[in-house]
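Subject: Handover of a structure and notes on it

Dear colleague,

Please find below the structure I am handing over to you. I would be grateful if you could read the notes that follow alongside it.

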Amino acid sequence: MRLILTIPVIAITGCSTPSFQGPFGPAPDADIAAPVPTLNPAPPPPPPQNAVTIAQFDTTSAEDRAAAIATAPAGAQPLGRTIASLGSPAEAGIWLKTPLVAALTPGRVTYQDKTINIELRPSGGAAGSGSQISLAAMRLIEAPLTSLPELTVFAAP
């Protein structure tokens, strides 16, 4: 009986040796993310590692925000409607990842009575799947950060 109880203990202690750690070992350090392709020639910097507040995560400049709320020329092509959740706050910029586009495209989104210029990024999701919107864009359309706003999406002319 004693032998049966000691076998699991021996097996567990063997897992701490390097040859057994494989999938059970500590998680490797996260690699530094490659820059995300963008239409912005001078994209905002990523948020600092110690960012904790909304303002610290939103690194867009006043010029970027002004360009986003500027009136766009007429002729935008409607792409459809999508439900958006908050995307990664670590990805700076004013963007929407959506299955409504297949390539990086300038566009606009409308939420309630707010319309902004935005960078449309392909999400790779199936048609009808939701979208992700950047923290800066959520702030500009004044949507609550915990909401799932329904957006009307347009491709810029």
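The notes below go from the overall fold to the strand pairing and then to two individual residues.

Please bear in mind throughout that this is a predicted model.

Overall fold

The protein contains five helices and six strands. Their order along the sequence is α-α-α-α-β-β-β-β-β-α-β. Of its 157 residues, 29% count as buried. The exposed surface comes to about 10,000 Å², and 64% of it is supplied by carbon and sulfur atoms. When contacts between residues at least 6 apart in sequence are considered, 71% of them join residues at least 24 apart.

Strand pairing

Strand 4, residues 114–122, pairs with strand 2, residues 95–98, in the parallel sense, over four bridges. Within this pairing, tryptophan 95 has glutamate 119 of strand 4 as its bridge partner.

Strand 4 is also joined to strand 3, residues 105–111; these two run antiparallel and share seven bridges. Here threonine 105 stands opposite leucine 120 of strand 4. Strands 3 and 4 form a hairpin with two residues between them, and in that hairpin glutamine 112 adopts a positive phi near 50 degrees.

Threonine 105

Threonine 105 has its place in strand 3. Its side chain reaches the backbone oxygen of alanine 103 at a distance of 2.7 Å. Once residues up to four places away in sequence are set aside, threonine 105 touches Leu39, Ile118, Glu119, Leu120 and Ala155. Among these is Leu120, the residue that stands opposite threonine 105 in strand 4.

Asparagine 40

Asparagine 40 lies in the loop that runs between helix 2 (18–21) and helix 3 (54–57). Is this residue buried, partly exposed or exposed? Its relative accessibility is 25%, and because the partly exposed class covers values from 20% to 50%, asparagine 40 counts as partly exposed.

Which residues does asparagine 40 contact, leaving aside its neighbours within four places in sequence? They are Asp64 and Glu119. Glutamate 119 therefore recurs in these notes: it is the bridge partner of tryptophan 95, and threonine 105 touches it as well. The C-alpha atoms of asparagine 40 and isoleucine 94 are separated by 9.6 Å, with the two positions 54 residues apart along the chain counted as their spacing.

I should be glad to receive your comments on any of these points.

With kind regards

Terms used: Residues are numbered from 1 along each chain as its sequence is written. This is a predicted model: local features need pLDDT of at least 70, side-chain atom pairs count only at pLDDT 80 or more; totals for chains, interfaces and linings use all residues. Side-chain values use heavy atoms; hydrogens and water are left out. Buried means under 20% relative accessible area, exposed over 50%, partly exposed in between (1.4 Å probe, protein chains only). Contact means heavy atoms within 4.5 Å. Accessible areas come from the Shrake-Rupley method with a 1.4 Å probe; for residues, only the protein chains shown count as cover. A polar contact is a pair of N or O atoms within 3.5 Å; within protein, one must be able to donate a hydrogen and the other to accept it, and residues adjacent in sequence count only if both atoms are side-chain atoms.
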